[in-house]
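Here's a quick briefing to read with the model open beside you. Grab a coffee and follow along chain by chain.

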Amino acid sequence: MSNVYLQDFQRGLIREIPIFRLLLGMCPVLAVTTYLTNGIGMGLAATAVLICSNLVISALRNYFPAQVRIPCFIVVIATFVTMVDMMMEAFVPALYERLGIFIPLIVVNCIILGRAEAFAGKRPVLRSLVDGLGNGLGFIVALIVLALVRETIGAGTILGPDPETAIRLFGDNYQPMLIFALPPGAFIALGLLLGMVNYIYKRLNIK
Amino acid sequence: MREIIRLALTLFMIGLTSAALLTGVNNWTGPIIEERRKSDYLETIASYFPDVESFETKAEENGDSFDLIYDSAGNLLGVMGTILQGGYGGVITYNLAVDTEGIILGLRIISHSETPGIGDVITRESFLAQFIGKSHEDPLQPGEDVDLVSGATESTGSIIGSVRRSVGHIATSYLDFQAEIFDITVVPDGTFQGVAAGGQGDIVVEVVVEGGRLVEIKVLEQKETPTMFVLSYPIIPERMIAEQKLEVDVSTGATASAEGIVNAVRNALEKAIEEGEGEQR
Amino acid sequence: MENLLPIIFIYILVDNFVLQQFLGICPFIGVSRKMETATGMGMAVVFVMAMATVATWSLYTYVLVPFNLQYLEIVAFILVIAALVQLVETFLRKISPTLYQGLGIYLPLITTNCAVLAVALLAVRQEFTLLESTVFAVAAAVGFSLALLIMAGIRERLELAAVPKMLQGSAITLITAGILSLAFMGFKGMMTL
């Protein structure tokens, strides 16, 4: 029995980790990973939406008419995104400003609608919750990895840009390799990471 | 038919629930957001004017706004402007605090979209601190009075120019300093050349004066970006001739070029007066 | 009015949606394999983006703002976009079967193209007028299509290149996108609004 949950959990986190394996939901991953704090904030926001929408959709799955289920899913997701958007503006304003338009755009993150359509719309509540957790964690992991690479190389810090939390890794004489903080660096870093993940998965024989 | 009604009704119900929920959350977070904005703003004002009691906001047409800051006795403490300025990557918004003597107390970048790691030096303390203590009478020339940061000349230059104009604007519009008006009538007749720095190098102009009036202004040499230069030439010379003064509105979208032209004309006329006096002696 | 030309220039080249602002990456990676599909997708996006922005702008200005319901913008916009895509699809099938054959399969994909929602949101946040919003939407969509077409052209050639095995497919596409983005950075600073 617990085996089913474990499988649901690790599917999103390892086997089908959306960013690296399915190439879904990449816009925010590329856009906000200039700093680790931004990446974690984005990851948590998206995960909160994913878990909530998975829960509600699977709880109400029998009430959504099949023909209009997609619009129903979208409304549910958009409702949670708006809530997250408002709460972030109220309680973490600095982060909210930095993430900007990418918070409302969680609505169209393919991972969330994808999980609703492929999983939560057909399965019981508890399994959908575990699935949401797994996929959300997978998303956060991807954001953290890319943000770590980009921030350490592109800014020479961790947990910036707020000078109170930022840790300068290489001292003051480090000249950051700016390209990694700029859009081209995001594409190139993710491309190389993707290659690495491909290689590791192949070596470990994970399909 | 019945099916369609059922579908529409379900969707409608879901939408209604969603709207109701969001209204609830909005009623909860809305006041918090509003409160925080207000207190943040007051805090910014208080960091420059610790005795602030009340303020009065004057919004201007171009989007800038200026707050007149008063203490509890109703005395004017100074002015804080919230100013929009085009930078390299987009609009830069910043606060500029000026006391009643027309001296800069400080400035703070609120938002910008300059290139991270390059243009965002404008947010650094070391760059912004250079302005503190400068007054509306200081020339504030980039590279001389305030450092341009190499590699980010566009971003830093636009801030320097904007601060210079804004301090002048605050001083003349809100602090009752008289703008110094250049007296054209004392200029002897003749054709004069003048030079001043534009956005991308020197601008050389030729000015014709007859009977104490500006008659013609021609730009002889310039290295400005062509798309930018057309925004201020020939509009600025036309304005100067029409209004018969040098202190014309230079907000054209290419302010650096426009100011360059005005300064070059001023330079030409100043030289003309000096030479004229020399001849008389 | 004087904003229109800068908007066109900025959103096609300077602030290209895909290569500088990371909007619409999923379809950019997904349908850039062949020139033909890229063209179809590009045209569908121009079409939908322009219509969606007009619809959402009007909704925002004439319904949400007067009733003080701005906080519902996300829900309202995404519903309008989804409904519009559905409508366009049904309409095209009835009116012009040839056009439908060309664009039809791309239409459902557009609902989850974050560039469409982004245009709608940015248009109201930047306080554009209706005309400016429409021009903005078309320019953004043309910029998107431009990036898509360039990428499709490169990828058709890339098929023949000896790419290291682990980088094949999406990885090399992303790295190529990085180099393209670097090229587009050359436009940065030429113009701002």
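How many salt bridges does the rule find across the interface of chain B and chain A? There is 1, and the partners are B:R37 and A:E89, with their closest N and O atoms 2.8 Å apart. Keep in mind that this is a predicted model. The notes below go through the two interfaces with chain A, then the salt bridges inside chains, then a few single residues.

**Where chain B meets chain A**

- Chain B puts 22 residues into this contact, and chain A puts in 20 residues.
- Together the two chains bury about 1900 Å², with 80% of that on carbon and sulfur atoms.
- On the polar side, 4 residue pairs are in polar contact between chain B and chain A, counting pairs with both residues at pLDDT 80 or more.

**Where chain C meets chain A**

- Here 36 residues of chain C touch 38 residues of chain A.
- The buried area comes to about 3100 Å², and carbon and sulfur atoms give 85% of it.
- Three residues to click on are C:F22, C:I74 and C:L174: they supply 21% of the area that chain C buries against chain A, more than any other three residues.
- The rule finds 0 salt bridges across this interface, and 1 residue pair is in polar contact, with both residues at pLDDT 80 or more.
- On the chain C side, the elements giving two or more residues are α2 (25–30), α4 (73–95), α7 (114–125) and α9.
- Of these, α9(C) gives the most, with 8 residues.

**A nonpolar patch shared by chains A and C**

- A:M196, A:Y199, A:I200, A:L204 and C:M166 make a nonpolar surface patch of about 490 Å².
- The chain C member, C:M166, sits in the loop between α8 (130–158) and α9 (170–184) of chain C.
- C:M166 counts as partly exposed because its relative accessibility is 37%, in the range between the buried and exposed cut-offs of 20% and 50%.

**Salt bridges inside the chains**

- Over all chains, the structure holds 13 salt bridges.
- In chain A, the side chains of A:R69 and A:E117 pair up at 2.8 Å, N to O. A:R69 is in helix α5 (residues 69–91) and A:E117 is in helix α7 (residues 110–120), so this pair ties together parts that are 48 residues apart in sequence.
- Both partners are partly exposed: A:R69 has a relative accessible area of 30%, and A:E117 comes in at 28%.
- Chain A also has a network of salt bridges linking A:D8, A:R11, A:R115, A:R127 and A:D131.
- In chain B, B:D40 and B:R36 form a salt bridge at 3.4 Å, N to O. These two are about one helical turn apart, because they are separated by 4 residues in helix α1 (residues 2–48) of chain B.
- B:D40 is partly exposed at 36% relative accessible area, whereas B:R36 is buried at 19%.
- B:R164 and B:E259 meet in another chain B salt bridge, at 2.5 Å, N to O. This one links distant parts of the chain, with B:R164 in helix α3 and B:E259 in helix α6 (residues 255–280), 95 residues apart.
- B:R164 counts as partly exposed at 21%, while B:E259 is buried at 13%.

**Single residues to look at**

- C:S32 lies in the loop between α2 and α3 (35–64) of chain C, and is buried, with a relative accessible area of 0%.
- A polar atom of the C:S32 side chain lies 2.7 Å from the backbone oxygen of C:F28. The C:S32 side chain also makes a polar contact with the side chain of C:R155 at 2.9 Å.
- Beyond four places in sequence, C:S32 touches C:P27, C:L148, C:M151, C:A152 and C:R155.
- B:S158 is in helix α3 (residues 153–173) of chain B, and is buried at 13% relative accessible area.
- The B:S158 side chain reaches the backbone oxygen of B:S155 at 2.9 Å. Leaving aside neighbours within four places in sequence, its contacts include B:Q85, B:G86 and B:I92.
- C:N3 is in the segment before α1 (4–14) of chain C, and is partly exposed at 28% relative accessibility.
- The C-alpha atoms of C:N3 and C:V135 are 9.8 Å apart, although 132 residues separate the two along the chain.

Key: Residues numbered from 1 in each chain as written. Chains lettered and ligands numbered in written order. Predicted model: local features only at pLDDT ≥ 70, side-chain atom pairs only at ≥ 80, totals over all residues. Heavy atoms only, no water. Patch = residues over 30% accessible without salt bridge, like charges linked within 9 Å, V, L, I, M, F, W, Y side chains within 5 Å. Areas by Shrake-Rupley, 256 points an atom, 1.4 Å probe, with all protein chains shown as cover. Salt bridge = Lys/Arg side-chain N within 4 Å of Asp/Glu carboxyl O. Buried < 20%, exposed > 50% of the residue type's maximum accessible area, 1.4 Å probe, protein only. Contact = heavy atoms within 4.5 Å. Buried area = accessible area lost by both parts, 1.4 Å probe. Polar contact = N/O pair within 3.5 Å; in protein donor to acceptor, adjacent residues only side chain to side chain.
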